[in-house]
Amino acid sequence: RGLRVGVLAIDPSSSLSGGALLGDRVRMVEHAGDAAVFVRSVGSRGGTGGVAATTAQMIDVMQHMRCDVVVVETLGAGQDELAVASLVDTTVLLAMPMAGDHVQAMKAGLIELADVIAVNKSDLAGAGLAAAELQVVAQWSTRVGRGPAVVLQTSAATGAGVVELAAVIDALRPDDQPPKRRFTGLAAIEGQLLGHVRNSVAAWLRDSPAGQRLCERVSSGQHPVAEAATVAWRAVSGD
């Protein structure tokens, strides 16, 4: 379509080393020579909700780079990894057949926020049933001021449904509304703060004698977890 496309592919960072494989960029080698496509793999580095703490800023940077479309690929959002929905204008949930029945599907919190649900691997058995079950769940989900999510089937292996998916996403883009303002500072500060607090508290619990004793008391049932969390926070913050 002649559009400039930016891709932010979030990869999980190791909880031990802090490193990330950043394999998404490697798999997208066919786009490496395309001047209209820019792919950036990013380690989550303790970010929450399936994205990195700096995702909001990176989206804005890509928009300043005159990218017409910015695709944010999350860690693989689970039932409560919903932060991406607050950062993007259109949320696409990628599902697959044989991943569970409609009761399991109802527990996926992102369904309530998804604008589009794409059942990939539609060339496999069970794709039609999965799409039908997700269609029912989408009808049940609460979407204030909006209708149920669009459900369709795709296949990355055969290319079936991919053009239709792009058309649906394009049709949902609000032409009469400005793009969502992501970088208000709140998400950036919150993400950095959560990572800093988590690392500081974990280091105190792991390395200090007082923290180690507190962990032992919690493990033995001598100290309530909620109170221990308060003690740890006060120790780190100096409160």
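Let me start at Gly238, the residue that follows helix 8, where phi is positive, near 80°. When I say helix or strand, I mean DSSP runs, H or I over at least four residues for helices and E over at least two for strands, numbered from the N terminus. Helix 8 itself covers residues 225–237, and at 1.5 Å a residue its 13 residues should span 18 Å; the end C-alpha atoms are 18 Å apart, so the two agree. The expected span here is 1.5 Å times one less than the number of residues.

A quick word on what we are looking at. This is a predicted model, where local features need pLDDT of at least 70 and side-chain atom pairs count only at pLDDT 80 or more, while totals for chains, interfaces and linings use all residues. Residues are numbered from 1 along each chain as its sequence is written, and side-chain values use heavy atoms, with hydrogens and water left out.

Now the whole chain. It has eight helices and six strands, and along the sequence they come in the pattern β-α-β-α-β-β-α-β-α-β-α-α-α-α. Of its 239 residues, 32% count as buried; buried means under 20% relative accessible area, exposed means over 50%, and partly exposed lies in between, with a 1.4 Å probe and protein chains only. The accessible surface comes to about 14,400 Å², and 58% of that belongs to carbon and sulfur atoms. Those areas come from the Shrake-Rupley method with a 1.4 Å probe, and for residues only the protein chains shown count as cover. As for contacts, meaning heavy atoms within 4.5 Å, take those with a separation of 6 or more: residues 24 or more positions apart account for 68% of them.

On to the sheet with strands 1, 2 and 3. It is an open sheet of three strands in the order 2-1-3, with parallel pairing. Strand 2 (37–43) and strand 3 (69–73) are at the edges with a single partner strand each, so one side of each has no neighbour in the sheet. On average, neighbouring strands are turned by 15° against each other, direction ignored. Two strands count as paired if DSSP finds at least two bridges between them; strand 1, residues 5–11, pairs with strand 3 over five bridges, in the parallel sense. If you want one to look at, Gly6 has Val70 of strand 3 as its bridge partner.

What lies across these strands? Helix 2, residues 55–64, lies across strand 1, strand 2 and strand 3, and runs at about 160° to strand 1. For such angles, axes are lines fitted to C-alpha atoms, for helices over the stretch in contact, and angles run from 0 to 180 degrees between N-to-C directions. Thr55, Ala56, Met58, Ile59, Asp60 and Met62 are buried in helix 2, and the buried residues of this helix pack against strand 1, strand 2 and strand 3.

That takes us to the nonpolar cores. By core I mean a set of buried Ala, Val, Leu, Ile, Met, Phe, Trp, Tyr and Cys residues joined through side-chain atoms within 4.5 Å. The largest one has 14 residues, and Leu8, Val42, Ile59, Val72, Val84, Leu87 and Val88 have the most contacts inside it. Strand 1 and helix 2 each supply at least two of its residues, and helix 2 gives the largest share, four residues. There is also a second, separate core of 13 residues, including Ala95, Ile117, Ala138 and Val151.

Next, the sheet with strands 4, 5 and 6. It is an open sheet of three strands, order 4-5-6, with parallel pairing. Strand 4 (92–95) and strand 6 (150–153) are the edge strands, each pairing on one side only, and the twist averages 20° from one strand to the next. Strand 5 and strand 6 run parallel and are joined by four bridges; Ala118 stands opposite Leu152 in strand 6. Helix 4 lies across strand 4, strand 5 and strand 6, at about 175° to strand 6. Helix 5, residues 162–172, packs on the sheet too, touching strand 4, strand 5 and strand 6, and its direction makes about 175° with that of strand 5.

Last, back to phi. Which sense does phi take at Arg66, positive or negative? It is positive, near 65°, in a residue other than glycine. Arg66 sits in the loop between helix 2 and strand 3, and it is exposed, with a relative accessible area of 62%. Lys121 also has a positive phi, near 60°, and its place is the loop between strand 5 (116–119) and helix 4 (127–140). At 38% relative accessibility, Lys121 counts as partly exposed.
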